[in-house]
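Student: Could we walk through this one together, going from single residues out to the ligands?
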Amino acid sequence: SLSKRHKFWETQPVGQFKDLGNASLPEGPIEPPTPLTEVKQEPYNLPSPYEWTTCDLDSEDMCSEVYLLLTNNYVEDDENMFRFNYSKEFLRWALHPPGYYKSWHIGVRVKTSKKLVAFITGVPAKIRARDTIVVMAEINFLCVHKKLRSKRLAPVMIKEVTRRVHLENIWQAAYTAGVVLPTPVSTCQYWHRSLNPKKLIDVGFSRLGARMTMSRTIKLYKLPDQTVTPGFRKMEPHDVPAVTRLLRDYLKQFVVAPDFDENDVEHWLLSKEGVVDSYLVESPESHEITDFCSFYTLPSSILGNQNYSTLKAAYSYYNVSTKTPWIQLMNDALIVAKKKDFDVFNALDVMHNDTFLKELKFGPGDGQLHYYLYNYRIKHVLRPSELGLVLL
Ligand SMILES: CCCCCCCCCCCCCC(=O)CSCCNC(=O)CCNC(=O)[C@H](O)C(C)(C)COP(=O)(O)OP(=O)(O)OC[C@H]1O[C@@H](n2cnc3c(N)ncnc32)[C@H](O)[C@@H]1OP(=O)(O)O
Ligand SMILES: CN(C)Cc1n[nH]c2ccc(-c3ccc(F)cc3OCCn3ccnc3)cc12
């Protein structure tokens, strides 16, 4: 990437590779806001066969079109064996947080057939970078149909979502990607904990360890039927104030983290069947809420396997430990995930996750997830343990 030309990204207000190590550049916005009257009022031009469309995910038909585009054309692993299969319920959850803008759910259609062939989204979020809280756009679900790749459509999509975000007087963004772009604020590893090792080996997600039999492998990953922590239970609506306090206090220690209020916690962390699961520990004596764990449901399509079509994956979301040891808390999360029939539990090495990954038998994934900020410079590249942000 240091040698690669980034013809589009070199034009953008992002950290540039040539600036790495230039300690004189100040932390904070790279460019000042533009007066709203000077923001381009009309959409960017698309190549002639295509037109912009705004995707209303409350419309069943539109949501299905977005779901199908992503199911067939979104992110695959490096070996093209799996492709993310975000559900419609998940997309509505991810894209309808408090204060969302429908205009930031942007599609591209073929003018003649009206076929949806590209998509990009933003949602507003309060993000703290060190001591500064910035309203940012979290950008996600950038997708161009496989048949329209390498035509420089992505830069147009990015410029259009940038324009629409600017129209709402927001000048920063946060996003993550498996590819290296100018310039990561942090680079994380992802880890996988087998819950259904037989299926994972059958589909080629995992390989049988050397000198390991299948029955020995199944035994290695076996988990108890019940959680072990007294007071461990599902989060409920009346827990929102206490969980908000617990989470806000925990996230203070990270350099970049969401600034969640009760509305945000209610949306992002209250359990939603098949989308997000959240649990907490309520002390049996004091009834104080001392710990929290959560994971979201993101299956992957299994490409080209006779016996299985879907890999059921849980992804670690936000977790807090103040009384229950991390190992015990997260092992209870694994136990409930196994009971809910997940095949694998995934986690990034962000926040305090590296305190439990190895001991709970997570294995390293085969790639990295890079974190980016748009129009905001962070002085030094951050260690994953300095990150308190998980993007879907
Ligand atoms: C103030 C508000 C600001 C808001 C905006 C903030 C910024 C938000 C940025 C977006 C954040 C999204 C986050 C997100 O959604 C999570 S990352 C997941 C992205 N989606 C996928 O990987 C799905 C499968 N791949 C595709 O659909 C296409 O390959 C895509 C559409 C990825 C690229 O389509 P393509 O047909 O393969 O390529 P061209 O059109 O010919 O364009 C090539 C140019 O695109 C650059 N590129 C490639 N992948 C990228 C990626 N993941 N982010 C940013 N840029 C990416 C690439 O470096 C090159 O630029 P360069 O020449 O300068 O190097
Ligand atoms: C975050 N969000 C923006 C989606 C996204 N985009 N690009 C990605 C690259 C890696 C991960 C990721 C994050 C955490 C994790 F435990 C495993 C992961 O990918 C495994 C490889 N893989 C890719 C597709 N199917 C399997 C997510 C993403």
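Tutor: Let us fix one term: buried means under 20% relative accessible area, exposed means over 50%, and partly exposed is in between, with a 1.4 Å probe and protein chains only. This is a predicted model, in which local features need pLDDT of at least 70 and side-chain atom pairs count only at pLDDT 80 or more, while totals for chains, interfaces and linings use all residues. Residues are numbered from 1 along each chain as its sequence is written, chains are lettered from A and ligands numbered from 1 in the order in which they are written, and side-chain values use heavy atoms, with hydrogens and water left out.

Student: Fine. Why does His166 count as buried?
Tutor: His166 counts as buried because its relative accessibility is 18%.

Student: And which helix does His166 lie in?
Tutor: His166 lies in helix H3, residues 153–166, where helices (H or I, at least four residues) and strands (E, at least two) are DSSP runs numbered from the N terminus. If neighbours within four places in sequence are left aside, His166 is in contact (heavy atoms within 4.5 Å) with Leu36, Val39 and Trp171.

Student: Switching to strands, how many residues of E11 are buried?
Tutor: Nine of the nine residues in strand E11, residues 289–297, are buried.

Student: Which strands does E11 pair with?
Tutor: Taking pairing to mean that DSSP finds at least two bridges between two strands, E11 runs antiparallel to strand E10 (residues 276–282) over seven bridges. It is also joined, again in the antiparallel sense, to strand E14 (residues 313–316) by three bridges and to strand E15 (residues 320–321) by two.

Student: Which residues are bridge partners there?
Tutor: Ser278 has Ser294 in E11 as its bridge partner, Tyr296 is matched with Tyr315 in E14, and Asp291 stands opposite Ser321 in E15. In the hairpin of E10 and E11, with six residues between the strands, His287 takes a positive phi near 65 degrees.

Student: What about the largest nonpolar core?
Tutor: A nonpolar core is a set of buried Ala, Val, Leu, Ile, Met, Phe, Trp, Tyr and Cys residues joined through side-chain atoms within 4.5 Å, and the largest has 99 residues, with Tyr317, Tyr318 and Phe345 having the most contacts inside it. Helix H8 (residues 326–339) gives the most to this core, with eight residues. A second, separate core has 30 residues, including Tyr50, Val108, Ile158 and Ile170.

Student: On to ligand 1, which residues come nearest?
Tutor: There are 34 residues around ligand 1, counting a residue as near if one of its heavy atoms lies within 4 Å, and those that come nearest are His6, Trp9, Leu142, Ser150 and Ala154. H3 gives the most to this shell, with seven residues.

Student: Which polar backbone atoms are involved?
Tutor: Using N or O pairs within 3.5 Å as polar contacts, a backbone N or O atom of Leu142 lies 2.7 Å from a nitrogen atom of ligand 1, and one of Ala154 lies 2.8 Å from an oxygen atom of ligand 1. The protein covers 88% of the 1,200 Å² of accessible area that ligand 1 has on its own, as computed by the Shrake-Rupley method with a 1.4 Å probe.

Student: And which residues come nearest to ligand 2?
Tutor: Of the 16 residues around ligand 2, the nearest are Phe84, Thr176, Tyr190, Asn346 and Leu392. A polar backbone atom of Leu392 is 2.9 Å from a nitrogen atom of ligand 2.

Definitions and conventions. Polar contact = N/O pair within 3.5 Å; in protein donor to acceptor, adjacent residues only side chain to side chain.
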